[in-house]
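Biologist: Could you take me through one part of this model at close range? I'd like to know how it is put together, and then how it sits among everything else.

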Amino acid sequence: MEIDVQKTRQYYQFLKKEDLCSCDYCMNFYQKAKSAFPETAKWLDSHGIDIEKPFETLPIEVDRNHVEYISAQYIAFGACEESFELDIGESRISFAHSHPDTGIEEQHFVLEFFPQGMQSSLNFMGSQDDEVFIRHLYNQMKSNSKLGGSFEIVGSSCIFWKLSEQYQVTIEREYLGVDRISGKFPPRNLIHWHPEDEDMYQKICNLGTKGNVTVIYKPFDLSLMLYSGPRDQCKYRRKWLGGRFYYLYAEEG
Ligand SMILES: [Zn+2]
């Protein structure tokens, strides 16, 4: 790993708390990370990284008052081999293979740490669980410039996403539904899923990353998703599909 410590430290000094996700899960992490993971904080700091300013956290709720953080990700400047991995007792630090778009042009990479054992569970005083979940998801979506369409939070815990002229998506906790919009008729539900919290964001990215397609087969009351992902890897061609197939295309631009 050849991290540019000076440049990285400068980045974290200039990074304001307001630039970070403001959902309750992340706020809880910012407040408690340093004392919960002292060795990790020290290691990160020696490389210019501020543990209280993660690029991304992956929280899951174990019960009402406990959130476990599966991992936290940090931007670093310089270069790092993809196999980088370091065990420091309370956590494992490694090169992050998968993360949202950072929007940074200069040479950089993303490190992540996985808390090991008990430390991962931080006390959390939350009451409006679904609201927090949706708020965090919304912030994740907003910081991903590769998602197509436009979306907003409606009510307290629902994201309404207009993906294209023909399709809209409704997101609630444990619910992800796709509707077909057609002129004079009310929107018609094509398919829906009940994703686990930790799978939700990935499903959203599959559906809505610009250039991706999702193919749905809906004979009668049944709905099947045949494919969801990059268009060039999709074996179904739009022109071959008959009337009971739906082809969602997250258009670019
Ligand atoms: Zn958050």
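Let's pick the sheet made of three strands: in what order do the strands come, and is the pairing parallel or antiparallel?

Modeller: Sure, and keep in mind that this is a predicted model. The order is β14-β13-β15, the sheet is open, and the pairing is antiparallel. The edges belong to β14 (224-230) and β15 (245-249); each has a single partner strand, so one side of each is left without a neighbour in the sheet. Direction ignored, neighbouring strands here are turned against each other by 10 degrees on average. In general, it is backbone hydrogen bonds that pair the strands of a sheet, whether parallel or antiparallel.

Start with β13, residues 212-217, which pairs with β14 in the antiparallel sense over six bridges. If you want to check the register by eye, look for N212 opposite P230 in β14, then for V215 opposite Y227 in that strand. The link between β13 and β14 is a hairpin with six residues between the strands, and F220 in that turn has a positive phi of about 55 degrees. On the β15 side, five bridges join β13 to β15, again running antiparallel. A handy pair to click on there is I216, which stands opposite Y246 in β15.

How enclosed is the strand? Five of the six residues of β13 are buried, so the strand is largely enclosed by the rest of the structure. For that count, a residue is buried if 20 or more other C-beta atoms lie within 10 Å of its own. To put the figure in context, buried residues make up 28% of the 253 residues in the protein. There is a helix to consider too: α5 (residues 197-208) lies across β13 and β14, and runs at about 95 degrees to β13.

Now for the surroundings. The domain assignment gives domain 1 as 2-123 and domain 2 as 139-249. The C-alpha centres of the two domains lie 30 Å apart, and the contact between them involves six residues of domain 1 and eight of domain 2.

There's another sheet to set beside yours. Five strands make up this open, antiparallel sheet, in the order β8-β9-β10-β11-β12. Its edge strands, pairing on one side only, are β8 (150-154) and β12 (185-193). Neighbouring strands in it are turned by 25 degrees on average, direction ignored. Helix α4 (residues 129-142) packs on this sheet and touches β8, β9 (158-162) and β10, with its direction making about 30 degrees with that of β9.

Going through that sheet strand by strand, β10 (residues 167-172) and β11 (residues 175-182) run antiparallel and are joined by six bridges. For landmarks, T170 has G177 in β11 as its bridge partner, while E172 is partnered by Y175 of β11. The hairpin of these strands has two residues between them, and E174 there takes a positive phi near 60 degrees. Next along, β11 and β12 also pair in the antiparallel sense, over six bridges, and R180 finds its bridge partner in R188 of β12. That hairpin likewise has two residues between its strands, with G183 at a positive phi near 35 degrees.

For a helix to look at along the way, try α2 (residues 24-36). At 1.5 Å a residue, its 13 residues should span 18 Å, and the end C-alpha atoms are 17 Å apart, which agrees. Even so, α2 bends by about 35 degrees at Y30. Its buried residues are D24, Y25, C26, N28, F29, A33 and A36. As background, an α-helix has 3.6 residues a turn, so residues three or four places apart point the same way.

Zooming all the way out, the protein has five helices and 15 strands. Its C-alpha atoms fill a box of roughly 60 × 40 × 30 Å along the principal axes. Of the contacts between residues at least 6 apart in sequence, 56% join residues at least 24 apart.

Terms used: Residues are numbered from 1 along each chain as its sequence is written. This is a predicted model: local features need pLDDT of at least 70, side-chain atom pairs count only at pLDDT 80 or more; totals for chains, interfaces and linings use all residues. Two strands pair if DSSP finds at least two bridges between them. Helices (H or I, at least four residues) and strands (E, at least two) are DSSP runs, numbered from the N terminus. Axes are lines fitted to C-alpha atoms, for helices over the stretch in contact, and angles run from 0 to 180 degrees between N-to-C directions. Two residues are in contact if their C-beta atoms, placed from the backbone, lie within 7 Å. The expected span of a helix is 1.5 Å times one less than its number of residues. The bend at a residue is the angle between axes fitted to the seven residues ending there and the seven starting there. A residue is buried if 20 or more other C-beta atoms lie within 10 Å of its own, exposed if 12 or fewer, and partly exposed in between; C-beta atoms are placed from the backbone. Domain bounds come from an automatic or database domain assignment.
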